[in-house]
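Here is a small set of exercises to work through with the model open beside you. Try each task first, then follow the solution step by step.

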Amino acid sequence: MPGRLQHRAALVTGAGSGIGLETSLLFAQEGANVLLVDVNLAAAEKAASIIAERFPGIKAAAFKADVAKEQDIKAAVDKTVELFGRLDVMFNNAGIMHPEDDNALNTEERIWDLTMQINVKGVWWGCKYAILAMRNNPIDEAKGLHAGGSIVNTASFVAVMGAATPQLAYTASKGAVLAMTRELAMVHAREGIRINAICPGPLKTPLLMDFLNTQEKRDRRLVHLPMGRFGEAVEVAKGALFLASDDSSYVTGTDFMVDGGLSSCYVTPLGEQVLAPPSSLV
Ligand SMILES: NC(=O)c1ccc[n+]([C@@H]2O[C@H](COP(=O)([O-])OP(=O)(O)OC[C@H]3O[C@@H](n4cnc5c(N)ncnc54)[C@H](O)[C@@H]3O)[C@@H](O)[C@H]2O)c1
């Protein structure tokens with residue numbers, strides 16, 4: 001069976017870890033050539049070597065870029081087009097949650113600005129240069145390659161729910177990602193460019209586990225999770241694949257929740273979780 005992203009080119013930011021890493025491997029498994037973008041070049045290179053070993057027919061290259069810098073993102077998109085001839089899928093996924101992020105009284109302006117610079121402006125730059133590249137995508141119907149493309153922006157469940165464990169800048173930044181995604185989706189809907197946000201619930205990735213560094217802090221969250229467990233990065237990768245591929249051809253401007261039911265929950269169930277989470281691709 002042909003892969004769902006066969007002949008396509010994808011750019012993934014934050015490709016060296018967590019959601020970005022799992023998604024890069026899944027996109028490669030589904031046939032896409034992938035530019036693996038991360039500020040941590042060594043991590044992106046490791047991802048590239050895993051893909052080279054497992055999927056020999058796939059082209060994957062590591063690229064160092066800070067998504068907060070417009071010229072870095074432009075260079076990454078240019079590199080994708082230079083290497084693969086096109087850009088079909090842009091996954092604006094890199095983001096930070098700063099350990100000093102706090103409530104309205106204690107969050108320092110520099111933490112607010114840094115968070116906005118990466119989490120919001122980074123997504124804006126990614127969308128801007130992806131749209132420009134997608135407008136030039138060569139059409140090849142025989143290979144299933146059409147005009148436009150798919151942009152997926154990583155937001156978070158905190159964009160739609162309040163938490164009494166505050167991280168004000170992060171939460172505000174993710175709300176901005178949802179609003180920006182909806183508007184861009186409308187502006188570009190008739191160009192064949194679909195733009196969606198994916199909202200992961202709390203996941204077992206370094207980003208959150210470094211923040212929740214005691215069992216007490218983890219338990220404070222676990223009690224609110226309907227399935228009784230944190231999510232896995234690979235479960236978000238599978239959502240990103242759906243949004244990236246033509247399987248979601250009539251989906252644009254959506255807030256796609258991959259949160260184990262958290263945003264629909266009033267009272268959590270009792271009892272044990274019966275299903276094990278899927279295995280990581282890493
Ligand atoms: N982990 C969670 O529970 C969770 C929940 C909701 C949303 N998210 C969001 O998912 C996305 C990915 O998170 P993750 O959990 O996989 O994180 P992670 O920390 O495991 O990986 C993030 C990657 O992004 C890279 N990165 C950070 N800043 C960058 C920058 N300025 N430019 C380029 N690369 C940069 C890091 O080097 C790292 O490789 C983030 O946007 C995060 O806010 C995560």
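## Exercise 1: Pairing in the sheet

Find the partners of β4 and describe how its two faces are packed.

Step 1. β1 and β4 are paired in the parallel sense, with three bridges between them. Here strands are DSSP runs of E with at least two residues, helices are runs of H or I with at least four residues, and both are numbered from the N terminus. Two strands pair if DSSP finds at least two bridges between them. Within this pairing, Ala-10 is opposite Val-89 of β4.

Step 2. Turn to β5: β4 and β5 run parallel and are joined by four bridges. Phe-91 sits opposite Val-152 in β5.

Step 3. Now check the faces of β4. Val-89 and Phe-91 on one side are buried, and so are Met-90 and Asn-92 on the other, leaving both faces covered. A residue is buried if 20 or more other C-beta atoms lie within 10 Å of its own, exposed if 12 or fewer do, and partly exposed in between, with C-beta atoms placed from the backbone.

A word on the source: this is a predicted model, in which local features need pLDDT of at least 70 and side-chain atom pairs count only at pLDDT 80 or more, while totals for chains, interfaces and linings use all residues. Residues are numbered from 1 along each chain as its sequence is written.

## Exercise 2: The whole sheet

Work out the strand order, then say why one side of β3 and of β7 lacks a neighbour.

Step 1. The chain has eight helices and seven strands. An open sheet of seven strands runs in the order β3-β2-β1-β4-β5-β6-β7, with parallel pairing.

Step 2. β3 (60-64) and β7 (255-258) are at the edges and have a single partner strand each, so one side of each has no neighbour in the sheet. From one strand to the next, the twist averages 20°. Angles run from 0 to 180 degrees between N-to-C directions, and axes are lines fitted to C-alpha atoms, for helices over the stretch in contact.

Step 3. Look at the β3 edge: five bridges connect it in parallel to β2 (residues 33-38). Val-37 has Phe-63 as its bridge partner in β3.

Step 4. Add the helices. Helix α5 (residues 168-187) lies across β5 (149-154), β6 (193-200) and β7, at about 160° to β6. Helix α8 (residues 233-244) lies across β1 (9-13), β4 (89-92), β5, β6 and β7, and its angle to β6 is about 165°. Contact means that the C-beta atoms of two residues, placed from the backbone, lie within 7 Å.

## Exercise 3: One residue before the sheet

Is Arg-4 buried or partly exposed, and which residues does it contact?

Step 1. Locate Arg-4 in the segment before β1.

Step 2. Count around it: Arg-4 has 19 other C-beta atoms within 10 Å, so it is partly exposed.

Step 3. List its contacts. Setting aside neighbours within four places in sequence, Arg-4 touches Glu-30, Leu-241, Ser-245 and Asp-247. Arg-4 and Glu-30 are 26 residues apart along the chain, yet their C-alpha atoms are separated by 5.3 Å.

## Exercise 4: The chain overall

What share of the residues is buried, and what share of the contacts links distant positions?

Step 1. Of the 282 residues, 44% count as buried.

Step 2. Among contacts with a separation of 6 or more, 76% are between residues 24 or more positions apart.
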